[in-house]
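Please walk me through this structure, beginning with its metal site and moving on to its interior and the packing of its helices.

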Amino acid sequence: MAMSEEFALRQSIVEACRRMDRQGINQGTAGNISARWKGGLLITPSGLPYEEMAADDIVFMTMDGGYQHPLPASSEWRFHRDILRQRPEVNAVVHAHPLYCTAFAMCGMEIPAAHYMIAAAGGPSIRCARYESYGSPELSVAALEALVDRSCALLGNHGMIATGSDLAEAMWRALEVETLAKQYAIALQIGTPRLLADEEIAKTVEKFKDYGLRRKPRVA
Ligand SMILES: [Zn+2]
């Protein structure tokens, strides 16, 4: 019997959580993932180890933040909901505390265009949002400001957010952004990274727009 579309999406969220661990972009259970679903969102539960997580454990939340589920939704549900509500082109949000992104976020530093792959984040910088307490409405505001014209952002003294038109794209960006942060950190130790012009990054952003079209169709 074919899996229901909702079950497949729930399962892909569970698999993405485990992939974050394998790819080293997550620390413990800090990471959380959401995907738009039927006027609301599916979001990972709070504090449940990924190896124990099953498709049914993913919480369906309405856009007013309500849900009926035995497990509590991620304590960081608010910015997931607020990004999905305010950015209609976004259908998935990945949040984690990866080592290098978080180190830059601890310094309040943005990542500049020292490599053309920054175009994966939508522009010539990955901004760092000001610090706000986790789960707070203020954090949502700060995150949305940092995400203007961008698909990814650092959260000051906290971590990273990557968004996508689907979960695969958000996961791709999360890994690219952590890789960029790592490369930039090493480059800063070796010398002075040379930055690319904004126009060059704008051209690369346009090239990347084809990226989604060339991907293989997802197998449910
Ligand atoms: Zn967090």
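How are the donor residues of the zinc ion spaced in sequence? In this predicted model, the spacing follows the pattern E-x18-H-x1-H-x60-H. E76 lies in the loop between β3 (59-62) and α2 (77-86), whereas H158 lies in the loop between β8 (152-155) and β9 (159-164), so the pair ties together parts that are 82 residues apart in sequence. The coordinating atoms are two OE atoms of E76 together with the NE2 atoms of H95, H97 and H158, at 2.0 to 2.7 Å. Both E76 and H158 are buried.

Turning to the interior, the largest nonpolar core has 45 residues, and those with the most contacts inside it are M20, I33, V94, I111, I126, L154 and L167. At least two residues of this core come from each of several elements, including α1 (5-22), β1 (32-37), β4 (92-96) and α6 (198-208), while the largest share, 10 residues, comes from α5. L167, leaving aside its neighbours within four places in sequence, is in contact with S12, I13, A16, I33, A92 and V94. A second, separate core of 22 residues includes M63, L147, A153 and I161.

The helix α5 also packs against α3, at an angle of about 65° and with the axes 7 Å apart, and α3 passes α5 in a left-handed crossing. From α3, the contact is made by L99, Y100, C101 and F104, and from α5 by V177, E178, A181, K182, Y184, A185 and L188. By class, this contact of α3 with α5 has nine nonpolar and two charged residues, with no polar ones.

Key:
Residues numbered from 1 in each chain as written. Predicted model: local features only at pLDDT ≥ 70, side-chain atom pairs only at ≥ 80, totals over all residues. Heavy atoms only, no water. Donors = N, O, S within 2.8 Å, 3.2 Å for Na, K, Ca; no water. Helix = DSSP H or I, 4+ residues; strand = E, 2+ residues; numbered from the N terminus. Buried < 20%, exposed > 50% of the residue type's maximum accessible area, 1.4 Å probe, protein only. Core = buried A, V, L, I, M, F, W, Y, C linked by side-chain atoms within 4.5 Å. Contact = heavy atoms within 4.5 Å. Axes fitted to C-alpha atoms, helices over the stretch in contact; angles between N-to-C directions. Left-handed = near helix turned anticlockwise from the far one by under 90°. Nonpolar A, V, L, I, M, F, W, Y, C, P; charged D, E, K, R; others polar.
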